[in-house]
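Visitor: I've got a model up on my screen and I'd like to walk through it with someone. Can I fire some questions at you?

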Amino acid sequence: MLSQTVLHRIKAASHVCVFTGAGMSAESGIPTFRERNEGLWAKHDPLEVATPEAYKKNPQLVWDWHVHLAEKVRKASPNAGHQAVAKLQALVPKVTVITQNVDNLHQDAGSCDVLELHGSLFRLTAFVDKNVMYSDERPPVICHLCKGYAVWEQCDHFADRSDLAELKLATGRVPRCPGCGALLRPDIVWFGEMLDPCVLEGAVDAADSCDVLICVGSSLEVEPAASLPYRALRRGAVVVEINPVPTALSATADASLIGKAGDILPGLLRQVWGIEIGR
Ligand SMILES: [Zn+2]
């Protein structure tokens, strides 16, 4: 399925970058964004729930929607594709995983260097209303614990990061930061929000320095992430695409493998390194 040239270049690579999108998680049974409004939640459009405006209007509703999603995500396990990506770490000197998924499945499979472009459903952060924060002459008090502006008179200086890490995305009232009392939210990128510039910079650096970029299960329709494979291509890195259907990248990639990541990634490891991944 790979030409001999591509096969040899992958085998000789010292830095492999793997970029994954929703298709990777869908194979583990995680609903794609459009499928997340089933059952009780059918009347809520995800595009209208996963936004800062919706949270501001009704934090409890937005919290409950994410708890419902998190319950589904918690039941999912990494698939053979995630396992193959984790296995790469034993075969290549440096592996960077860049993912648009918020489900922690790459880390669950054992991947260490994971850049979460859209954040994580299992980490909490303060809800910060940027309009309020910058509308005042007074500089806001930044809570050292949640990085939100303090809404109470004073932060609790004895609170530390472990206090925040103990708070979980779980049913009940929307939790507050034990340091400053700010309402908390999942640390994911909602509609209308910017990506974390540090994470994006890390992803761009990886795409600009890798020898091989493997793009898995992304329709490559969302910028700026969608341009990462093209950055690698322009530099002359080997770009391999794995997707159930062809995308705009298919025509220019060094190899475009049509099918499931859970089948093709283990096949790639077998072909390049002669390694078998248990299913
Ligand atoms: Zn705080």
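Visitor: Let's start at helix α1: which of its residues are buried?

Guide: Keep in mind that this is a predicted model. Buried here means under 20% relative accessible area. In helix α1, which spans residues 4–12, the ones that meet that mark are Val-6, Leu-7 and Ile-10.

Visitor: And how much of an arc around the axis do those buried residues cover?

Guide: The buried ones are Val-6, Leu-7 and Ile-10. They sit on the same side of α1, because the arc they cover around the axis is only 100°.

Visitor: What's exposed on the other side of α1?

Guide: To count as exposed, a residue has to be over 50% relative accessible area. On the side of α1 away from the buried residues, that goes for Gln-4, Thr-5 and Ala-12.

Visitor: On to charges. How many salt bridges are there?

Guide: The rule asks for a side-chain nitrogen of Lys or Arg within 4 Å of a carboxyl oxygen of Asp or Glu. Go through the model with that rule and the count is six.

Visitor: Take the salt bridge of Asp-129 with Lys-56: how many residues apart in sequence are the parts it ties together?

Guide: The closest N and O atoms of this pair are 2.7 Å apart. Asp-129 is in the loop between β4 (119–126) and α8, while Lys-56 belongs to helix α4 (residues 52–57), so the bridge ties together parts whose separation in sequence is 73 residues.

Visitor: Is Asp-129 buried or exposed?

Guide: The cut-off for buried is under 20%. Its partner Lys-56 has 52% relative accessibility and therefore counts as exposed. Asp-129 has a relative accessibility of 8%, so this end of the bridge counts as buried.

Visitor: Which helices does the salt bridge of Arg-231 with Asp-208 tie together?

Guide: In this pair the closest N and O atoms are 2.8 Å apart. Arg-231 is partly exposed at a relative accessible area of 30%, and Asp-208 is partly exposed with 30% as well. The two are 23 residues apart in sequence, and the helices they tie together are α11 (residues 228–235) and α10 (residues 197–209).

Visitor: Which residue forms a salt bridge with Glu-276, and how exposed is that partner?

Guide: Glu-276 itself is exposed, at a relative accessible area of 56%. Its closest approach to the partner, N to O, is 2.9 Å, and that partner is Arg-270. Partly exposed lies between 20% and 50%, so Arg-270 fits there with its relative accessibility of 43%.

Visitor: Which residues are joined into one network by salt bridges that share partners?

Guide: Here the bridges link up through shared partners. The network they make joins Glu-116, Arg-123 and Asp-187.

Visitor: Which residues form the negative surface patch?

Guide: A patch takes residues with over 30% relative accessible area and no salt bridge. Asp-156, for one, has 33% and so counts as partly exposed; its place is the loop between α8 (130–133) and α9 (161–166). The full patch is Asp-156, Asp-160, Asp-163 and Glu-166.

Visitor: Now the backbone. Which peptide bond is cis, with omega near 0°?

Guide: Most peptide bonds are trans, so a cis one is worth a look. Go to the loop between β6 (212–216) and α11, where Pro-224 has its place. The cis bond runs into that proline, from Glu-223 to Pro-224.

Visitor: What phi does Lys-147 have?

Guide: Most residues other than glycine have a negative phi. Lys-147 is in the loop between α8 and α9 and, with 57% relative accessibility, counts as exposed. It isn't a glycine, yet its phi is positive, at about 65°.

Visitor: Leu-220 has a positive phi too; is this residue buried or exposed?

Guide: Leu-220 is in the loop between β6 and α11, with a phi of about 55°. Its relative accessible area is 14%, so it is buried.

Visitor: Last one: how far apart in space are Gly-148 and Leu-184?

Guide: Gly-148 lies in the loop between α8 and α9 and is buried, with a relative accessible area of 0%. In sequence Gly-148 and Leu-184 are 36 residues apart, and in space, C-alpha to C-alpha, the distance is 9.3 Å.

How values were computed. Residues are numbered from 1 along each chain as its sequence is written. This is a predicted model: local features need pLDDT of at least 70, side-chain atom pairs count only at pLDDT 80 or more; totals for chains, interfaces and linings use all residues. Side-chain values use heavy atoms; hydrogens and water are left out. Patches are made of residues with over 30% relative accessible area and no salt bridge: like charges are joined within 9 Å, nonpolar side chains (Val, Leu, Ile, Met, Phe, Trp, Tyr) within 5 Å. Accessible areas come from the Shrake-Rupley method with a 1.4 Å probe; for residues, only the protein chains shown count as cover. Lys and Arg count as positive and Asp and Glu as negative; His and the chain ends are not counted. The place of a charge is taken as NZ of Lys, CZ of Arg, CG of Asp or CD of Glu. Helices (H or I, at least four residues) and strands (E, at least two) are DSSP runs, numbered from the N terminus. Buried means under 20% relative accessible area, exposed over 50%, partly exposed in between (1.4 Å probe, protein chains only). The arc is that of the directions from the helix axis to the C-beta atoms.
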